[in-house]
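Please examine the model shown below. The paragraphs that follow lead from the contact between the chains to the interior of each chain.

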Number of protein chains: 2
Amino acid sequence: MRRVRYSVAMSLDGYIAGPNGEFDWITPDPDVDFAAMFKAYDTLLMGRKTYELTRTHKGPGMPGMSVYVISRTLSPEDCPNVTIVRDPAPLVTELKRQPGKEIWLFGGGDLFRSLLEANLVDTVEVAIAPVLLGGGLPVLPETSARHTLKLASHQLYPKTGTLGLSYDLVGSGAA
Amino acid sequence: MRRVRYSVAMSLDGYIAGPNGEFDWITPDPDVDFAAMFKAYDTLLMGRKTYELTRTHKGPGMPGMSVYVISRTLSPEDCPNVTIVRDPAPLVTELKRQPGKEIWLFGGGDLFRSLLEANLVDTVEVAIAPVLLGGGLPVLPETSARHTLKLASHQLYPKTGTLGLSYDLVGSGAA
């Protein structure tokens with residue numbers, strides 16, 4: 001079955017963006033093979049805030065990716081090239097049933113929390129940047145259940161001091 | 001000069017204790033040489049909340065350690081074997097001038113923030129436990145300045161999947 005992988009850059013104190021959505025603290029490491037990383041996926045999930053951040057920083061687009069944006073407020077006609085979906089759990093349940101490559105949960109923390117609570121996330125992969133942000137968007141907003149992980153791999157990127165950690169989700173319980 | 005080392009166990013989502021002060025999620029790894037770790041220090045700093053947690057879990061004491069508890073409310077006569085201090089910055093400035101072993105900033109996050117803002121912390125050492133707590137006492141409560149780190153070392157403890165990361169503080173600036 002296709003996996004849902006929450007793969008994000010994070011500060012050591014647990015933020016995926018600064019207080020105003022900043023991500024200038026993320027230094028892309030020359031040793032990360034982004035092309036190979038992208039090749040593992042054909043589907044991208046993101047919340048509204050993350051989508052709006054990616055729109056303001058006009059990137060090269062996501063060729064070959066099906067992009068789903070979870071939002072109760074955005075209109076499909078205002079959002080070309082992406083599919084707007086209101087409720088993430090039924091969407092992801094259906095996507096996991098379909099054949100295909102892996103599913104990238106691109107952000108943010110609110111969407112991660114929704115899918116975590118629905119037991120629909122398979123891995124948590126964080127690239128820990130060597131910085132304390134002191135505030136911002138948390139990697140996981142507050143939730144009442146604990147989730148146990150299993151470290152699957154770790155890799156140091158010595159040029160930037162970034163540590164890539166990959167965990168499998170193995171269980172959950174009341175906190 | 002003696003270093004001040006903030007050395008704590010942390011969940012992947014950045015908490016050093018659960019919502020009610022729980023630390024049952026910390027599994028001491030048999031490969032961590034706690035005796036060697038303790039030997040590096042002769043001085044221990046902690047905030048009031050951390051002190052109260054250590055008191056309720058009667059440990060073996062801290063032989064050979066000078067223990068300072070930062071608190072504006074505790075009475076010295078109620079706290080045998082420790083020194084109660086109101087303001088951490090002058091204390092730590094003075095301790096760093098004196099000869100001795102390293103200084104362990106044992107917790108919690110509030111005291112870390114005070115000393116970080118006063119540029120009195122030398123290293124941040126976190127043992128990342130493979131768990132998402134979803135809430136609790138943050139490793140660093142909100143603060144307005146960013147702090148840049150440099151990864152000094154990392155070590156995997158395979159029996160528990162704990163990752164020990166050690167960072168030097170290299171700079172700070174407005175977020």
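In this predicted model, strand β8 (residues 131-132) of chain A pairs with β10(B) in the antiparallel sense, over two bridges. Within β10(B), B:H147 is the residue that stands opposite A:L132.

The wider contact between the chains involves 31 residues of chain B and 32 residues of chain A. On the side of chain B that touches chain A, the elements giving two or more residues are β8 (131-132), β10 (145-157) and β11 (162-174) of chain B. The most is given by β10(B), with nine residues. Sorted by class, this side of chain B has 17 nonpolar, 10 polar and four charged residues. For the complex, the predictor gives an ipTM of 0.94 and a pTM of 0.94.

Within chain A, attention turns to strand β6 (residues 102-107). Five of its six residues are buried, and β6(A) is therefore largely enclosed by the rest of the structure. Strand β1 (residues 4-11) of chain A runs parallel to β6(A) and is joined to it by three bridges; here A:V4 has A:I103 as its bridge partner. Strand β3 (residues 41-47) of chain A also runs parallel to β6(A), with five bridges joining the two, and A:Y41 has A:E102 as its bridge partner. The mean pLDDT of chain A is 92, with 95% of its residues reaching 70 or more.

In chain B, helix α4 (residues 109-117) contains the buried residues B:G109, B:L111, B:F112, B:R113, B:L115 and B:L116. After α4(B) comes B:N119, which has a positive phi, near 55°.

Notes
Residues are numbered from 1 along each chain as its sequence is written. Chains are lettered from A and ligands numbered from 1 in the order in which they are written. This is a predicted model: local features need pLDDT of at least 70, side-chain atom pairs count only at pLDDT 80 or more; totals for chains, interfaces and linings use all residues. A residue is buried if 20 or more other C-beta atoms lie within 10 Å of its own, exposed if 12 or fewer, and partly exposed in between; C-beta atoms are placed from the backbone. Helices (H or I, at least four residues) and strands (E, at least two) are DSSP runs, numbered from the N terminus. pLDDT is the predictor's confidence in each residue, from 0 to 100. Two strands pair if DSSP finds at least two bridges between them. Two residues are in contact if their C-beta atoms, placed from the backbone, lie within 7 Å. Ala, Val, Leu, Ile, Met, Phe, Trp, Tyr, Cys and Pro count as nonpolar, Asp, Glu, Lys and Arg as charged, and the others, Gly among them, as polar.
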